[in-house]
Amino acid sequence: MTTMAVDFLRSHPLFRGVPVPELEGAALSMHEERFHDGDSLIVEGSYSNSCYFIMSGQVQVVSRNLVGQTMTLDVLGEGALIGEVALFLEEKRTSGVQAIGDVTALRLEQNAFSRLAAASPMFHESLSFSARIRTMHAMLSKATIWAAIPNAELRGLAEVTVRRKVYKGDVILTEGTMSDRFYMIAEGRFEIRNGRRKKAVYEAGDYFGEMDLLSGEAKTGTVTALENGELMVMGRDEFQFVLQQYEPVRRQFYEVLRIRRPDLLNEAVSSKLQFSEIAAAADPAGNGAVAESAGYPVRAKKERWMDVVLVLGGLFVLLTILAAWLRQTVWIDAALVAGGFVGPVSFVAYLRSSQLLGFRPMRLALVFASSAVIALPIAWLLEQRWLMHSGMGVGASGHLKAAALVAVIEEAAKLLVCLIFLRSRRHRFLMDAIVFGACAGMGFAAIESILYGVTYLQSHATTGMLAVLWVRALLSPFGHGTWTAIAAAGVWYGMGRGAGRAGQRGISPRSLLVMAALLLSSMVLHAVWDYRYDTALWKLVGMVAVGAIGIGLLYWLVRRGSREEQSMLQAVNPEQQVEERLLSAAGQDGAPAVPGQTLVCEACKTVSPPGSRYCGRCGQALKL
């Protein structure tokens, strides 16, 4: 074994010029070890007193990024030295190493490693350079915007990137002074201020300085370290070179700048960040169709709406049986409340499952409750004043006028609630308007159903109350939630959220037309549904037509909104082409496993799909 180890070391390029006695001494402390497919040679985060030379087989170097996603950093073969960085720098293992198939390796202990480093200046120099580059390469790979850069070129980027330690209170940039560096945060928290106003707090994975480099003006503001940390710093020329070479990186900067400072996207800046329509795959503003074949797989999102349907539906069935059988007030009241909420809550849960970049359920519950507390009383008061006392509703024309007036009053009241929540610029996606509109509509519908049930109970008609609740629960997807979701989408266009790409000013005539069409559609559908038909057959025909048109229109809007969200999510999270090639080299199919839990952005509280690195709403880095 010693002879084999000495021969291996003598033939290795790192040990040219090392005296044979030194190699023989090192070989005495070496041990040959065999590993099978999937075995761990090195565990990330651990301490160890040895490193390995690969004699035969292949290994993959893996690590976890800030969101817990396993990444393959490299695939190494015969002759590779692994684990030496932690020994040289006396740090924890920054990545793990796993065998691909059968692997034979020489284990080099700490004392022999130290003797070799002291005996061979070439060995020491190579290790020093390799340790710095490998560490920087791992830092760049874990949670940065460079995910689309091939591994070999990312290693070159690591060679021109500098690590900089910072301490609490250090001012990295001063407002009014233009940055000539691009800063990526490896550790710590940094506050960004414009004047006395705090713009944001950035953490590991975030970056700053790009606005100054792109615009040629001091736009970043004052950046101060809130705690001890570490930055990765890249020069202006290197930054510009990366932009020129990699279209996905240009698109990511374009979209992040569109999020943070759309006013900076003038013609000069946009020309630096040009990307093709193939790279865009869609107009993020919602004015174009997504090219589904553009190579961006849609991330699977765990849908829980069916669980909501089964739980609430099962509860309602149970309470219905108890109320009809026992005729006790407690079960009747419980069935009344459950029947009012089962359809609306299930519908909102379904639409929320279609949203990639949504908010926590508590935000939606607030919209739901606000509609019940605000919109319903307003609508009731206005209908009492303008409808009941006017004598409207006599004859066919009277019925039509009454239905139209009710539609206008109720949709306007629900849209008032939507406007309260949609006024923030952070509610920037079409799906925000759709989901908030559905919440407002269904909050209105839930209390309205309960009030209908109370009306039946006043005549002691428990069976009639239950029948009404079941009918309204089953028909709820075709009613208030759909109408208000469509109307809220119209308001969203009218607010200029879908008014073209960044850099355009004002609201386009097209957006105003879309707004008018959606608002009118919502109110017409509502009025046709409420119209008092002469026969039950015509009533059925009208309800079927309204349901089909409403669901069809809502489905079209949801698809459009989902494409917009998917496009933005892909823009700020470029596909990891390196990962696919490394997995292919490792003989593995598919993508690495992604943790099942969703990620909540600490800056804007958006819930992002598992595996995302950056928030598609505000552009900041995500973490577990």
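**A colleague's note on patches, helix pairs and salt bridges**

1. A good place to start is the surface, where Val-373, Ile-374, Ile-378, Leu-416 and Ile-420 make a nonpolar patch of about 390 Å². Two elements each give two or more residues to this patch, namely α14 (361-388) and α15 (395-422). Of the contributors, α14 gives the most, with three residues. Please keep in mind as you read on that this is a predicted model.

2. If you would like one residue of the patch to look at, try Val-373, which lies in helix α14. Its relative accessibility is 62%, so Val-373 counts as exposed, the cut-off for that word being over 50%.

3. Next come two helix pairs. Two packed helices are described by the angle between their axes and the distance between the axes. For helix α12 (residues 305-326) and helix α13 (residues 329-353), the axes come within 8 Å and cross at roughly 165°. Because angles over 145 degrees count as roughly antiparallel, α12 is roughly antiparallel to α13. The crossing in which α12 passes α13 is left-handed.

4. The other pair is helix α16 (residues 430-457) with helix α17 (residues 462-475), which pack with their axes 8 Å apart at an angle of about 160°. These two helices, α16 and α17, are therefore roughly antiparallel to each other as well. Here the crossing is right-handed.

5. Now to the backbone, and a residue you may want to inspect: Arg-327 sits in the loop between α12 and α13. Most residues other than glycine have a negative phi. Arg-327, though, has a positive phi, near 60°. Its relative accessibility is 46%, so Arg-327 counts as partly exposed.

6. Lys-605 also has a positive phi, near 65°, in a residue other than glycine. You will find Lys-605 in the loop between β15 (599-600) and β16 (607-608). With a relative accessibility of 43%, Lys-605 counts as partly exposed.

7. What about charged pairs? The count comes to 15 salt bridges. One of them is formed by the side chains of Arg-163 and Glu-230, at 2.4 Å from N to O. This pair links distant parts of the chain, with Arg-163 in strand β7 (residues 162-166) and Glu-230 in strand β14 (residues 229-235), 67 residues apart. Is each partner buried or partly exposed? Arg-163 counts as partly exposed because its relative accessibility is 33%, whereas Glu-230 is buried, with a relative accessible area of 2%.

8. Glu-411 and Lys-414 meet in a salt bridge through their side chains, at 2.8 Å from N to O. Both residues lie in helix α15, three residues apart, or about one turn of the helix. Glu-411 and Lys-414 are both buried.

9. Another salt bridge brings together the side chains of Arg-617 and Asp-432, at 2.6 Å from N to O. Distant parts of the chain are linked here, since Arg-617 is in the segment after β16 and Asp-432 is in helix α16, 185 residues apart. Arg-617 is buried, as is Asp-432. Elsewhere, salt bridges that share partners join Arg-163, Lys-165 and Glu-230 into one network.

Definitions and conventions:
Residues numbered from 1 in each chain as written. Predicted model: local features only at pLDDT ≥ 70, side-chain atom pairs only at ≥ 80, totals over all residues. Heavy atoms only, no water. Patch = residues over 30% accessible without salt bridge, like charges linked within 9 Å, V, L, I, M, F, W, Y side chains within 5 Å. Areas by Shrake-Rupley, 256 points an atom, 1.4 Å probe, with all protein chains shown as cover. Salt bridge = Lys/Arg side-chain N within 4 Å of Asp/Glu carboxyl O. Helix = DSSP H or I, 4+ residues; strand = E, 2+ residues; numbered from the N terminus. Buried < 20%, exposed > 50% of the residue type's maximum accessible area, 1.4 Å probe, protein only. Axes fitted to C-alpha atoms, helices over the stretch in contact; angles between N-to-C directions. Parallel < 35°, antiparallel > 145°, perpendicular 65-115°, else oblique. Left-handed = near helix turned anticlockwise from the far one by under 90°.
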